[in-house]
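Subject: Structure for you to look at

Hello,

Here is the structure I said I would pass on. Please open it first, and then read the notes below it.

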Amino acid sequence: MVIAFTGHTNIEKACGKTLKSDGEVYDKEAYRIVKEALEDALLNKAKAQKGDTIISGMARGVDEIAAELAIKHGLNLKCAIPASVEWHKSRPKSRGVKAQAINYDGILAYKNATVVEVKKKYCGKQYIFVNFARNQYMIDCADKLIAFKRYDSTGTDDCINRANKASVEVIYA
């Protein structure tokens, strides 16, 4: 089974906390809340088992925690990277906040990780944002989508809408 994840990069906002830095560190309470919700959804709702694959979009927040859960539980991990690893890792902060995974290199070093670089032109279609092409790739691969949504978010909403359109089961964490 292949399980993709979508959700907020600003998990602090999702948990009613204030992001006190430029996103280089997590609020510990927000991180704990999100990790527990995602782990419950992964193990108890999606029923993940050894041999399953997690897809992470490699953003800060939900994507990064999903990758960490794959590592913790010895699952396969597919890192769906918008554009390229080099571009995504070195991408400037978005509105002053880091948007990509904090432990990027550590996640990529995981022995059961594979990297897929998804370009803005994917499957013959040119996407307005490379992240939307990445979302489509994740949905094309996924049997299930675990979504952590607590406020309106263009990227999260896009991924959920793509899952619904493709009849991929959406599990809310």
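Strand E1, residues 2-7, runs parallel to strand E7, residues 144-148, and 5 bridges join the two. One of these pairings sets Ile-3 against its bridge partner Lys-144 in E7. Please keep in mind that this is a predicted model.

The sheet

E1 and E7 belong to an open sheet of 6 strands, with parallel pairing and the order E4-E3-E2-E1-E7-E8. Why do strands E4 and E8 each have one side without a neighbour in the sheet? E4 (113-118) and E8 (169-172) stand at the edges and have a single partner strand each, so one side of each is left free of a neighbour in the sheet. From one strand to the next, the twist averages 25°.

On its way across the sheet, E1 also pairs with E2 in the parallel sense, over 3 bridges. Val-2 has Thr-53 as its bridge partner in E2. E2 in turn pairs with E3 over 4 bridges, again in the parallel sense, and Thr-53 stands opposite Asn-76 in E3.

In a regular strand, side chains alternate between the two faces of the sheet. In E2, Thr-53 and Ile-55 point one way while Ile-54 and Ser-56 point the other way, and all are buried.

The helices around it

The protein has 7 helices and 8 strands. Helix H2 (residues 28-45) packs on the sheet and touches E1, E2, E7 and E8. The direction of H2 makes about 155° with that of E7. Helix H6 (residues 130-141) lies across E1, E2, E3, E4 and E7, and runs at about 150° to E3.

Helix H3 covers residues 62-72, and 8 of its 11 residues are buried, so H3 is largely enclosed by the rest of the structure. Among the buried residues of H3 are Asp-63 and Glu-64, along with Val-62, Ile-65 and Leu-69. Just after H3, Gly-74 takes a positive phi of about 65°.

The cores

In soluble globular proteins, nonpolar side chains tend to be buried together. Here the largest nonpolar core has 37 residues, and those with the most contacts inside it are Phe-5, Leu-38, Leu-42, Ile-54, Leu-77 and Ile-146. Elements that give two or more residues to this core include E1, H2, H3, E3 and E7. Which element gives the largest share of this core? That is H2, with 7 residues.

Leu-77 is a good residue to click on if you want to see this core. Leaving out residues up to four places away in sequence, Leu-77 touches Ile-54, Ser-56, Ala-67, Ala-70, Ile-107, Tyr-110, Asn-112, Ala-113 and Thr-114. A second, separate core has 20 residues, including Phe-132, Met-138, Ile-160 and Val-168.

Three single residues

Asn-135 is in helix H6. Is Asn-135 buried or exposed? Its relative accessibility is 3%, and buried means under 20%, so Asn-135 counts as buried. A polar atom of the Asn-135 side chain lies 3.3 Å from the backbone oxygen of Gly-155. Not counting residues up to four places away in sequence, Asn-135 touches Gly-155, Asp-158, Cys-159 and Arg-162.

Ser-153 is found in the loop between E7 and helix H7 (154-165). At 16% relative accessibility, Ser-153 also counts as buried. The side chains of Ser-153 and Thr-156 are joined by a polar contact of 3.2 Å.

Glu-24 is in the loop between H1 and H2. With 35% relative accessibility, Glu-24 counts as partly exposed. Glu-24 touches Lys-93, Lys-98 and Ile-102, not counting residues up to four places away in sequence. The C-alpha atoms of Glu-24 and Ala-66 are separated by 18 Å, and the two residues are 42 apart along the chain.

The whole protein

For 173 residues, a compact globule would have a radius of gyration near 16 Å, and the 15 Å of this protein agrees with that. Taken along the principal axes, the C-alpha atoms fill a box of roughly 40 × 35 × 35 Å. Of the 173 residues, 51% count as buried. Among contacts between residues at least 6 apart in sequence, 70% join residues at least 24 apart.

Regards

Conventions: Residues are numbered from 1 along each chain as its sequence is written. This is a predicted model: local features need pLDDT of at least 70, side-chain atom pairs count only at pLDDT 80 or more; totals for chains, interfaces and linings use all residues. Side-chain values use heavy atoms; hydrogens and water are left out. Two strands pair if DSSP finds at least two bridges between them. Axes are lines fitted to C-alpha atoms, for helices over the stretch in contact, and angles run from 0 to 180 degrees between N-to-C directions. Contact means heavy atoms within 4.5 Å. Buried means under 20% relative accessible area, exposed over 50%, partly exposed in between (1.4 Å probe, protein chains only). A polar contact is a pair of N or O atoms within 3.5 Å; within protein, one must be able to donate a hydrogen and the other to accept it, and residues adjacent in sequence count only if both atoms are side-chain atoms. A nonpolar core is a set of buried Ala, Val, Leu, Ile, Met, Phe, Trp, Tyr and Cys residues joined through side-chain atoms within 4.5 Å. The radius of gyration is taken over C-alpha atoms; the globule rule is 2.2 Å times the number of residues to the power 0.38.
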